[in-house]
Amino acid sequence: MSSSDPLAQGLILAAATLAGAGTVGAVGAQAASPPDVTGEECTAAGGQFKSVPYGGDTCALPDGTSQGIG
C-alpha cells in the first residue's frame with residue numbers, strides 16, 4: 001500500500017486515533033482515583049489504619065479497597 005492509498009491513510013488515522021484515546025484513558029483513570037479521607041472518616045466507615053513504608057498512612061476499608069489518609 002502506498003501513502004496515497006485511501007485505505008492506508010484510513011488505517012494510519014485509525015491507529016493514531018486509538019493511540020491518542022489510550023493516552024487520554026490513562027490520564028483519566030489517574031484523575032479518577034479516590035480522594036484522601038480523614039482519620040475520623042476512616043474509622044466511621046469501619047476502616048483500619050495501615051502504615052505503608054515510604055508511602056504514608058492508608059485506610060483499609062471493609063470492602064477491600066484502601067484510601068490515603070490526608
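Visitor: Which residue in the turn of the E2 and E3 hairpin has a positive phi?

Guide: Welcome! This is a predicted model, and its strands E2 and E3 form a hairpin with 5 residues between them. The residue in that turn with a positive phi, about 95°, is Gly64.

Visitor: In what order do the strands of the open sheet stand?

Guide: The open sheet has 3 strands, and their pairing is antiparallel. From one strand to the next, the twist averages 35°. The order is E1-E2-E3.

Visitor: Which strands stand at the edges?

Guide: A strand at the edge has a single partner, so one side of it is left without a neighbour in the sheet. That description fits residues 48-52 and residues 66-68. These are strands E1 and E3.

Visitor: How many bridges join E1 to E2?

Guide: These two strands run antiparallel. One place to look is Ser51, which stands opposite Asp57 in E2. The number of bridges joining E1 to E2 is 5.

Visitor: And over how many bridges do E2 and E3 pair?

Guide: Strand E2 covers residues 56-60 and pairs with E3 in the antiparallel sense. Ala60 stands opposite Ser66 in E3. The number of bridges between E2 and E3 is 3.

Visitor: What is the bridge partner of Cys59 in E3?

Guide: Cys59 lies in strand E2, and that strand pairs with E3. Following the bridge from Cys59 across to E3 leads to Gln67.

Visitor: Which residues form a disulfide?

Guide: In general, a disulfide is a covalent bond between the sulfur atoms of two cysteines. A search of the whole structure finds 1 disulfide. Its sulfur atoms are 2.0 Å apart, and they belong to Cys42 and Cys59.

Visitor: Where in the chain are Cys42 and Cys59 found?

Guide: The disulfide of Cys42 and Cys59 links distant parts of the chain, 17 residues apart. Cys42 is buried, and Cys59 is buried too. Cys42 is in helix H2, residues 39-44, while Cys59 is in strand E2.

Visitor: What is the handedness of the disulfide of Cys42 and Cys59?

Guide: The clue is the torsion about the S-S bond, which is about 90°. Because of that torsion, the disulfide of Cys42 and Cys59 is right-handed.

Visitor: Is Tyr54 buried or exposed?

Guide: Tyr54 is found in the loop between E1 and E2, a hairpin with 3 residues between the strands. Tyr54 has a positive phi of about 60° although it is not a glycine. Its relative accessibility is 91%, and over 50% counts as exposed. Tyr54 is therefore exposed.

Visitor: Is Thr58 buried or exposed?

Guide: Thr58 is found in strand E2. Leaving aside neighbours within four places in sequence, Thr58 is in contact with Gln48, Phe49, Lys50, Val52, Gln67, Gly68 and Ile69. The relative accessible area of Thr58 is 16%, and under 20% means buried. So Thr58 is buried.

Visitor: What separates the C-alpha atoms of Glu40 and Ile69?

Guide: Glu40 is found in helix H2 and is exposed, with a relative accessible area of 68%. Along the chain, Glu40 and Ile69 are 29 residues apart. In space, their C-alpha atoms are separated by 9.7 Å.

Terms used:
Residues numbered from 1 in each chain as written. Predicted model: local features only at pLDDT ≥ 70, side-chain atom pairs only at ≥ 80, totals over all residues. Heavy atoms only, no water. Pairing = 2+ DSSP bridges. Helix = DSSP H or I, 4+ residues; strand = E, 2+ residues; numbered from the N terminus. Axes fitted to C-alpha atoms, helices over the stretch in contact; angles between N-to-C directions. Disulfide = S-S within 2.5 Å. Buried < 20%, exposed > 50% of the residue type's maximum accessible area, 1.4 Å probe, protein only. Contact = heavy atoms within 4.5 Å.
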